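Thanks for sharing this one. Here are my notes, kept short so that you can check them against the coordinates.

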Amino acid sequence: MQLCRANYVCRWSSLSLVATAAILVLASGSAVAQAANGDLTNNDRAYCGDPRPAVAIPSCSRIIEDRDAPSDVRVIALRNRGAFLQAAGQLDRAIADYSQAIKMAPRETRLNAQIHVNLGVALAGKGDEIAAKANYDQAIALDPSLASARLDRAALYISRGQDDDAIADLSEAIKANPREAPVYVSRGALYSRHGDQDRAIADFSTAIKLDPANAVAWRDRGFAYRTKGENARALADAREAVRIDPGMAEAHQDLALGLAASGDAVTATQELDRAVELSPKDAVARVLRADNFLARGDRDSAIADYTQAIAEDPRLTPAYNNRGVAYMGKSDWANAIADFTRVVALDPTQSSAFLNRGLSLQQQGDRDAAMADFDHAIQLKPDSAEALRHRAFLNQVRARFELSIFDYGRAIALEPKDAEALRGRGLAELSLHDNDAAITDLTAAIAQNPSDGLAYRYRALAYSAKNDRQHADADDKASLQLEQDQRRR
């Protein structure tokens, strides 16, 4: 999982919640089936429970075909054969065996409930979620304490986005068997995804206590700690996850994030390289490494990794968005616009993509399109001081000073120390000959950024308009000095 970062979907993980169709061993006894060659097969009951499909399936089949075999024996044989067929991907045949077994098994037995679970898993494998859920429901109705039914129904709920229902089933599964670490990990991941990091940490901690070698529990608890801002604990958990499972790419990603947060950029880079090496087709690992390259100013390497991530996952909006930012840094406006356009096509709610595209369009001289994007960005995120400031500037360029002052005012209300917005509003006020207001804003801008030569120049004009030559000359001198200092650098 990674930290919830800007323009990024937070990662969360859970173990697969699919019931294992355990092979049941039949009670030994007299011959239960007639072999094809006419010989009695006295060992079919034992062989039907053998873990080797080539041994078990023929024996199970002979039991199933023997109409004189006890019904309970045939039910187990059908279930076992179905499990082998399911494991081999022959879902239709497995479903047929499970369905026949259910018809033969007494409705009130735990075995009947277990077969409903197996049938549900097979149906889910074919994409029939409605029928799968009906079987999980039936299994739970027959045996409310059957944990596998709860687990598999929870998996179905998770795939549908019904996380509250999934948590309820996982909680019931924990009541039935409170010593299964993976179930706590799965419930903790759901809590974490919904922002309840304290409950998530409690579940991950229980899982670690039950199974200290569970690397996923360590990794996900680290993510929960990082989300809470407890980086030292997050870093320690990520280190432990990597120690337990050095081949877990996501653990190296998390360790890199912790190291970067602690200021160790060099080791963080090494961990990201290791994550990509372990999982070269992992688009998320590529994006994280690309983000690291971008933060270090290596735009070409960042673009290469973003491009590879997009090849692996063409719908990964952070890769397009951040590659667009890298292109902006290279003044490659056409490619930047193309990437931001792809972002808003995939996710029209991405305010930052509209803002960045607007800035790129503005650089290309298309002010009308830029204004439309700024409008859209602000509509999506009215409290975006940056978008308001850029729209204010564009209105200022168009001599729409009242509109400009209004947007600058909104931006300053959101970020009172925004020197650029203060200077911009001061210039707009100066354009409307409101010299006192201009001097007030430009003075505030200089207080925030004493090296802003433009603010001194504009304030000099405001003082001059008021015939205050002393202050105007002083600001002109300060502006010229700052320009000379800039040239020397």
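The points below cover confidence, one helix and one residue.

1. Please keep in mind that this is a predicted model, in which local features need pLDDT of at least 70 and side-chain atom pairs count only at pLDDT 80 or more, while totals for chains, interfaces and linings use all residues. Residues are numbered from 1 along each chain as its sequence is written, and side-chain values use heavy atoms, with hydrogens and water left out.

2. The average pLDDT (the predictor's confidence in each residue, from 0 to 100) is 89 for the protein, and 91% of the residues score at least 70. Residues 1-41 fall below 50, yet this stretch has 110 contacts in the model beyond near neighbours in sequence (contact means heavy atoms within 4.5 Å). Where pLDDT is low, predicted coordinates should not be read in detail.

3. Helix α7 covers residues 147-160 (helices are DSSP runs of H or I, at least four residues, numbered from the N terminus). With 14 residues at 1.5 Å a residue, α7 should span 20 Å, and its end C-alpha atoms are indeed 20 Å apart (the expected span is 1.5 Å times one less than the number of residues). Just after α7, Gly161 has a positive phi of about 80°.

4. How many of the 14 residues of α7 are buried? Ten are, among them Arg150, Asp152 and Arg153 (buried means under 20% relative accessible area, with a 1.4 Å probe and protein chains only). The buried residues of α7 pack against α5 (110-125), α6 (129-142), α8 (163-176) and α9 (181-193).

5. Asn356 sits in helix α19 (residues 351-363). Asn356 counts as buried because its relative accessibility is 13%. Beyond neighbours within four places in sequence, Asn356 contacts Asn321, Val325, Met328 and Phe340.

Note on methods. Helix = DSSP H or I, 4+ residues; strand = E, 2+ residues; numbered from the N terminus. Buried < 20%, exposed > 50% of the residue type's maximum accessible area, 1.4 Å probe, protein only.
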